[in-house]
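Student: I should like to look closely at one part of this model, together with the chain that surrounds it. Please take me through it in a connected account.

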Amino acid sequence: MDYELNGKVAIVTGGGSGLGAATVELLLQEGANVAISYIVDEEKVLARVKELNEKYAGDVIAVYNDVSNQESDEELIAKVLDKFGKIDILINSAGIWPTAYVKEMKLEAFRKTLDINLLGPFILSKILINQWIDNGQRGKIINVVSQAAFHGSTSGHAHYASSKAGLVGFTVSLAREVAPYGINVDAVAPGIMRSPMNEEVLQDPKRVDAYLERIPLRRVAEPVDVARTILFLASSQADYITGATIDVTGGMLMR
């Protein structure tokens with residue numbers, strides 16, 4: 001299948017690990033150039049960038065970025081434009097998954113979760129759609145949400161579920177607004193997936209068994225399982241899809 005991504009430029013927030021890292025590598029395999037937005041593990045991220053640049057023809061850079069800060073987001077966009085001259089794709093993959101039940105949850109923790117998981121995609125999307133519209137350019141935005149946006153949380157992640165439910169609503173609303181300009185906005189909803197965020201949880205056999213009971217396909221997703229759907233939505237093969245949330249949960253949703 002030809003995804004027609006050769007020479008395209010993508011920003012992947014949270015691209016230094018987990019789902020973001022898997023997405024970055026798939027994009028590079030298809031000939032895209034990629035900017036990784038990161039905020040932690042700088043040494044690891046820069047080493048990975050060096051490795052990817054030696055492995056693939058596409059160019060990859062890393063830019064330190066706090067997605068919840070507008071000035072930082074504007075600097076990210078400016079650096080990517082300075083390097084590549086354009087941006088075609090935004091993948092909002094950065095996120096946090098804190099744990100606390102509502103009765104003990106700190107207000108600061110709720111706000112921080114919303115700032116990173118929901119406000120960040122809003123800021124970056126707003127900057128880019130204005131540039132695309134002003135330049136008469138088509139573009140793709142893919143937001144990473146979660147099955148928790150639809151099922152809620154049963155294990156102390158109400159702030160996370162709320163942020164992802166908000167991002168689903170934002171995805172649909174933005175898709176409606178920018179469709180006349182040839183801009184597609186979609187979302188991918190993973191279920192239980194191996195990532196640095198839940199590495200400790202998935203080392204507990206009892207927790208894993210409890211998760212597997214909720215997954216009809218009876219296995220925890222690897223990041224690449226979800227990244228393949230992001231790649232598809234970023235490609236020309238998905239040009240007639242917008243406002244959709246694709247379920248990549250192993251059957252947890254089955255909506």
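**The N-terminal part in its chain**

Tutor: In this predicted model, residues 24 or more positions apart account for 75% of the contacts in the protein chain with a separation of 6 or more. The N-terminal part can be read against that background. The protein chain has eight helices and seven strands. Its radius of gyration is 17 Å, close to the 18 Å that the globule rule gives for 255 residues, so the chain is as compact as a globular protein of that length. Along the principal axes, the C-alpha atoms fill a box of roughly 50 × 40 × 35 Å. Of the 255 residues, 51% count as buried.

We begin in the segment before E1, where Glu-4 is found. Although Glu-4 is not a glycine, its phi is positive, at about 55°. Leu-5 also belongs to the segment before E1. With a relative accessible area of 2%, Leu-5 is buried, because buried means under 20%. Leaving aside neighbours within four places in sequence, the contacts of Leu-5 include Leu-27, Glu-30, Gly-31 and Ala-32. Ile-89 is also in contact with Leu-5, as are Leu-231, Ala-234 and Ser-235. Ala-149, by comparison, is 144 residues from Leu-5 in sequence and 30 Å from it in space, C-alpha to C-alpha.

The account now moves to strand E1, which covers residues 9-13 and contains Thr-13. The relative accessibility of Thr-13 is 1%, and therefore this residue counts as buried. The side chain of Thr-13 reaches the backbone nitrogen of Ser-93 at 2.9 Å. Ser-93 is also listed among the contacts of Thr-13 once neighbours within four places in sequence are left aside, together with Ile-91, Asn-92 and Ala-94. The other residues in contact with Thr-13 on that basis are Ser-37, Val-67 and Leu-124.

One of those partners, Ser-37, leads to a further element. Strand E2 spans 33-38, helix H2 spans 42-55, and Asp-41 is in the loop between them. Asp-41 has a positive phi of about 55° although it is not a glycine, and a positive phi of about 55° was given above for Glu-4. With a relative accessible area of 47%, Asp-41 is partly exposed.

Finally, the surface of the whole chain may be considered. The protein chain exposes about 12300 Å², of which carbon and sulfur atoms supply 51%. The chain carries 25 positive and 32 negative charges, and the mean positions of these two sets are 5 Å apart.

Methods:
Residues numbered from 1 in each chain as written. Predicted model: local features only at pLDDT ≥ 70, side-chain atom pairs only at ≥ 80, totals over all residues. Heavy atoms only, no water. Helix = DSSP H or I, 4+ residues; strand = E, 2+ residues; numbered from the N terminus. Rg over C-alpha atoms; globule rule 2.2 N^0.38 Å. Buried < 20%, exposed > 50% of the residue type's maximum accessible area, 1.4 Å probe, protein only. Contact = heavy atoms within 4.5 Å. Areas by Shrake-Rupley, 256 points an atom, 1.4 Å probe, with all protein chains shown as cover. Lys, Arg positive; Asp, Glu negative; His and termini not counted. Charge placed at Lys NZ, Arg CZ, Asp CG, Glu CD. Polar contact = N/O pair within 3.5 Å; in protein donor to acceptor, adjacent residues only side chain to side chain.
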